[in-house]
Amino acid sequence: MKNLTTLLLPLAVAGLFACNSGANRNQGDTTTAADTGITQDLAHDVNKDMLEGDSLRGDSKALTEAAEAGVWEVLVATQAQTKTTNAGVKKLAKHMQDAHEKANKELLALATKKNVILPNALPDSKAKDVSQLFEKSGTDFDKAFLEELADAHESAIKLFDKTAADANDPEVKEWFGKTLPELRKHLDMIKAEQAKLK
């Protein structure tokens with residue numbers, strides 16, 4: 001297992017940084033998530049084996065869930081900026097991209113310090129959902145994009161709230177706690193933009 005760890009850790013570290021540039025792929029790109037990197041399921045399985053008997057084992061699941069959410073967020077926010085013609089939605093998408101790229105880098109640094117493997121790709125099911133979102137256009141796209149963002153942030157807030165309260169590792173607990181207010185602010189921004197489209 002140590003050999004697998006030695007091989008996968010640098011790949012995961014390099015891959016998460018690559019996910020930001022991968023978010024700019026053409027919308028017609030047919031490469032599947034399995035072809036491009038580590039999905040959450042794979043990262044979770046590797047962490048489970050590597051961290052057996054370690055107090056971080058439970059926390060690693062929250063770290064991988066947060067990382068997958070971050071990959072998704074950067075991907076859709078980046079692509080939305082070229083898809084939407086609505087200035088408010090475009091500005092919001094840019095804000096989300098920048099904020100989540102920063103959070104992804106912080107999360108990667110924390111995970112690297114804790115020897116936790118993070119996902120850097122979406123599973124095929126979520127990649128398919130992203131493709132379907134970007135098949136929409138005009139106001140239909142804007143409304144669907146904002147709805148997806150709102151749902152994603154509501155889920156993230158639950159995850160971050162629980163992890164900030166229950167994580168075993170103090171640094172994991174601290175990072176989730178300090179990031180939580182930003183996610184709540186994002187949700188407020190999304191809801192404000194949704195109200196303009198009604």
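Student: Where is the place of asparagine 115?

Tutor: This is a predicted model, in which local features need pLDDT of at least 70 and side-chain atom pairs count only at pLDDT 80 or more, while totals for chains, interfaces and linings use all residues. Residues are numbered from 1 along each chain as its sequence is written, and side-chain values use heavy atoms, with hydrogens and water left out. Helices (H or I, at least four residues) and strands (E, at least two) are DSSP runs, numbered from the N terminus. Asparagine 115 is placed in the loop between α5 and α6 (124-133).

Student: What value does phi of asparagine 115 have?

Tutor: Most residues other than glycine have a negative phi. Asparagine 115 has a positive value instead. Its phi is near 60 degrees.

Student: Is asparagine 115 exposed or only partly exposed?

Tutor: Buried means under 20% relative accessible area, exposed means over 50%, and partly exposed lies in between (1.4 Å probe, protein chains only). Because asparagine 115 has 42% relative accessibility, it counts as partly exposed.

Student: How many helices and strands does the protein chain have?

Tutor: Read along the sequence, the chain follows the pattern α-α-α-α-α-α-α-α. The secondary structure comes to eight helices and zero strands.

Student: What percentage of the contacts in the protein chain with a separation of 6 or more is between residues 24 or more positions apart?

Tutor: A contact means heavy atoms within 4.5 Å. Among the contacts in the chain with a separation of 6 or more, the share from residues 24 or more positions apart is 80%.

Student: Which residues is leucine 146 in contact with, leaving aside its neighbours within four places in sequence?

Tutor: Leucine 146 is found in helix α7, and it is buried because its relative accessible area is 0%. Leucine 146 and glutamate 193 are 47 residues apart in sequence, yet their C-alpha atoms are 7.8 Å apart in space. With neighbours within four places set aside, the contacts of leucine 146 are Val89, Leu92, Ile190, Glu193, Gln194 and Leu197.

Student: How far away is the nearest side chain of opposite charge from aspartate 142?

Tutor: Aspartate 142 also lies in helix α7, where it touches Thr84, Asn86, Val89 and Leu197, not counting residues up to four places away in sequence. Lys and Arg count as positive and Asp and Glu as negative, while His and the chain ends are not counted. Aspartate 142 is buried yet has no salt bridge (a side-chain nitrogen of Lys or Arg within 4 Å of a carboxyl oxygen of Asp or Glu). The nearest side chain of opposite charge is lysine 90, and the distance is 9.2 Å.

Student: How many salt bridges does the count come to?

Tutor: Side chains of opposite charge can pair when their charged atoms come close. By the rule just stated, the count of salt bridges is eleven.

Student: What is the N to O distance where the side chains of lysine 94 and aspartate 98 meet in a salt bridge?

Tutor: Both residues lie in helix α5 (residues 87-113), four residues apart, about one turn of the helix. Lysine 94 is partly exposed because its relative accessible area is 37%, and aspartate 98 is partly exposed at 36%. From N to O, their salt bridge spans 3.0 Å.

Student: Which side chain does lysine 102 meet in a salt bridge?

Tutor: Lysine 102 is exposed because its relative accessible area is 53%. The partner is four residues away in helix α5, which means a separation of about one helical turn. At a distance of 3.0 Å from N to O, the side chain that lysine 102 meets is that of glutamate 106.

Student: Which side chain meets lysine 162 in a salt bridge?

Tutor: Lysine 162 counts as exposed because its relative accessibility is 53%. Its partner also lies in helix α7, four residues apart, about one turn of the helix. With 3.3 Å from N to O, the partner of lysine 162 is aspartate 166.

Student: Which residues do salt bridges that share partners join into one network?

Tutor: Here the salt bridges have partners in common. The network consists of Lys113, Lys114, Asp169 and Glu171.

Student: Which helix gives the most to the negative patch?

Tutor: Patches are made of residues with over 30% relative accessible area and no salt bridge, with like charges joined within 9 Å and nonpolar side chains (Val, Leu, Ile, Met, Phe, Trp, Tyr) within 5 Å. The negative surface patch is formed by Asp129, Glu147, Glu148, Asp151 and Glu154. Glutamate 148 counts as partly exposed because its relative accessibility is 36%. With four residues, the helix that gives the most is α7.

Technical notes
Areas by Shrake-Rupley, 256 points an atom, 1.4 Å probe, with all protein chains shown as cover. Charge placed at Lys NZ, Arg CZ, Asp CG, Glu CD.
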